[in-house]
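Biologist: Please walk me through the packed inside of this model, and then work outward from there. I'd like the cut-offs along the way.

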Amino acid sequence: MNLSVQVVPRTFGHQGEMRYEFTQADELVGVASVCADETSYFINFLNVMPGNRGKGYGSKILEMLCQMLDDKPITLELDKGSPFGMENLRTWYSRHGFVSTNEDWMIRHPSGSHIHQA
């Protein structure tokens, strides 16, 4: 799976918000929206296009984001309305280095960080 990514500044929404568009052979397979400030990143959403779900694109997109954003902690809020279910989301993000900070929130520290990740 060889994905290309284009990063586009958002002209609306949160200050510092960037849209990441992931394509394979010119087909849009997924998008993510990430906000940044001086100390961290926040993943607003990560979405795989419906026709491409269940093929590993979500994991590949999250891996690419984690590599690109590895200089500061990355936080996210689990989507309570997700059709995948909260526990499935938590398990999936955990496989990618995120740890729960409370019921709905998770964080991933940079790979060179001295903070232990579960």
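**The nonpolar core and what surrounds it**

Modeller: Let's begin with the largest nonpolar core, which has 25 residues; F22, I43, L65, Y93 and F98 have the most contacts inside it. By a nonpolar core I mean a set of buried Ala, Val, Leu, Ile, Met, Phe, Trp, Tyr and Cys residues joined through side-chain atoms within 4.5 Å. "Buried" is under 20% relative accessible area, "exposed" is over 50%, and "partly exposed" is in between, using a 1.4 Å probe and protein chains only.

Before going on, this is a predicted model: local features need pLDDT of at least 70 and side-chain atom pairs count only at pLDDT 80 or more, while totals for chains, interfaces and linings use all residues. Numbering runs from 1 along each chain as its sequence is written, and side-chain values use heavy atoms, with hydrogens and water left out.

Back to the core: two or more of its residues come from each of β2 (18-24), β3 (27-36), β4, α1, β5 and α2. The biggest contributor is α1, with six residues. These elements are DSSP runs numbered from the N terminus: helices are H or I with at least four residues, strands are E with at least two. L65 is a good residue to click on, as it touches Y20, F22, A32, V34, I43 and L46 once residues up to four places away in sequence are set aside. "Contact" here means heavy atoms within 4.5 Å.

Now the pocket. The largest one has a volume of about 700 Å³, and 26 residues line it, with L46, F84, L89, W92 and Y93 nearest its centre. So Y93 turns up in both lists: it is among the core residues with the most contacts and also sits among those nearest the pocket centre. Lining contributions of two or more residues come from β4 (41-48), α1 (57-68), β5 (74-77) and α2 (86-95), and β4 has the largest share, seven residues. By class, the lining splits into 13 nonpolar, nine polar and four charged residues.

The terms need a little unpacking. On a 1 Å grid over the protein atoms alone, a pocket is an open set of points with protein on both sides within 12 Å along at least five of seven lines, whereas a cavity is a set where a 1.4 Å probe fits but cannot get out; lining residues have an atom within 4 Å of a point. Points are joined across faces, edges and corners, and the volume is the space filled by probe spheres set on them. For the classes, Ala, Val, Leu, Ile, Met, Phe, Trp, Tyr, Cys and Pro are nonpolar, Asp, Glu, Lys and Arg are charged, and the others, Gly among them, are polar.

Next, the sheet. Seven strands make an open sheet with mixed pairing, in the order β1-β2-β3-β4-β5-β7-β6. Its edges are β1 (4-9) and β6 (99-100), each pairing on one side only. Two strands count as paired if DSSP finds at least two bridges between them. Toward the β6 end, β5 and β7 (residues 105-108) run antiparallel over four bridges. There, T75 has I107 of β7 as its bridge partner, and I74 stands opposite R108. β7 also pairs with β6, antiparallel over two bridges, and here V99 stands opposite I107. A hairpin of four residues joins β6 to β7.

Finally, the outside. In the loop between β2 and β3, A25 has a phi near 50 degrees, positive in a residue other than glycine. D26 in that β2-β3 loop also has a positive phi, about 65 degrees. Most residues other than glycine have a negative phi. A25 is exposed, with a relative accessible area of 78%, and D26 counts as exposed at 78% too. D26 and L3 are 23 residues apart along the chain, with their C-alpha atoms separated by 9.5 Å.

In the loop between α1 and β5 you'll find D71, exposed at 51% relative accessibility. Apart from neighbours within four places in sequence, D71 is in contact with Y41 and P110. After β7 comes the segment that holds G112, which counts as exposed at 61% relative accessibility. G112 and K72 are 9.8 Å apart, C-alpha to C-alpha, though 40 residues apart in sequence.
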